[in-house]
Amino acid sequence: WPRRSSRTPSLPRAAKRIAQAAALCGGASTCLSEAIAGRVLMARLGYPAELRIGVRKAEGKFEAHSWLECPGDIVIGNPSPEGKQYSRMPALGRFFA
């Protein structure tokens, strides 16, 4: 399934395309949907990617956020949106083939 060729987009370009597609959804996409779509695309293109999820409790409310990392670099999302700090959960890579 993973395949790379001379026509495979670079990692930053592939991540940019996912962000552009999310923008076309008119606000209907979420951090989780973007990270999952990115994980599938990156795997298809042959790039190793890890879906990350962070959690926090603020003012008595549970919050969660997700982003995508490729060998230590954040390629989709932001682990600290709006300055919020999330506790990073263990990698979910083993759950997504």
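These legends describe close-up views of one predicted protein model.

The model is predicted, so local features need pLDDT of at least 70 and side-chain atom pairs count only at pLDDT 80 or more, while totals for chains, interfaces and linings use all residues. Residues are numbered from 1 along each chain as its sequence is written, and side-chain values use heavy atoms, with hydrogens and water left out.

**View 1. The whole chain holds two helices and four strands.**
From the N terminus on, the order of elements is α-α-β-β-β-β. Helices (H or I, at least four residues) and strands (E, at least two) are DSSP runs, numbered from the N terminus. Of the 97 residues in the protein chain, 32% are buried. Buried means under 20% relative accessible area, exposed means over 50%, and partly exposed lies in between (1.4 Å probe, protein chains only). Take the contacts between residues at least 6 apart in sequence: 55% of them join residues at least 24 apart. A contact means heavy atoms within 4.5 Å.

**View 2. Four strands form an open sheet in the order β3-β2-β1-β4.**
The pairing is antiparallel. Strands β3 (73-76) and β4 (87-88) stand at the edges with a single partner strand each, so one side of each has no neighbour in the sheet. Two strands pair if DSSP finds at least two bridges between them. Strand β2 (residues 61-70) and β3 pair over three bridges. Leu68 stands opposite Ile76 in β3.

**View 3. Helix α2 lies across three strands.**
Helix α2 spans residues 31-45. The strands it crosses are β1 (50-58), β2 and β3. The helix runs at about 20° to β2. Axes are lines fitted to C-alpha atoms, for helices over the stretch in contact, and angles run from 0 to 180 degrees between N-to-C directions.

**View 4. Glu63 meets both Arg56 and Lys84 in salt bridges.**
A salt bridge is a side-chain nitrogen of Lys or Arg within 4 Å of a carboxyl oxygen of Asp or Glu. The whole structure has four. Glu63 and Arg56 meet at 2.9 Å, N to O. Glu63 is buried, at 19% relative accessible area. Arg56 is partly exposed, at 22%. Lys84 and Glu63 meet at 3.9 Å, N to O. Lys84 lies in the loop between β3 and β4 and Glu63 in strand β2, so this pair ties together parts 21 residues apart in sequence. Lys84 is partly exposed, at 26% relative accessibility.

**View 5. The charged end of Arg56 sits over the ring of Tyr86.**
The distance to the ring centre is 5.7 Å. A charge sits over a ring if NZ of Lys or CZ of Arg is within 6 Å of the ring centre and within 35 degrees of the ring normal.

**View 6. Arg52, Glu69 and Arg88 are linked in a network of salt bridges.**
The closest N and O atoms of Arg88 and Glu69 are 3.3 Å apart. This pair links distant parts of the chain, with Arg88 in strand β4 and Glu69 in strand β2, 19 residues apart. Arg88 is partly exposed, with a relative accessible area of 47%. Glu69 is buried, at 8% relative accessibility.
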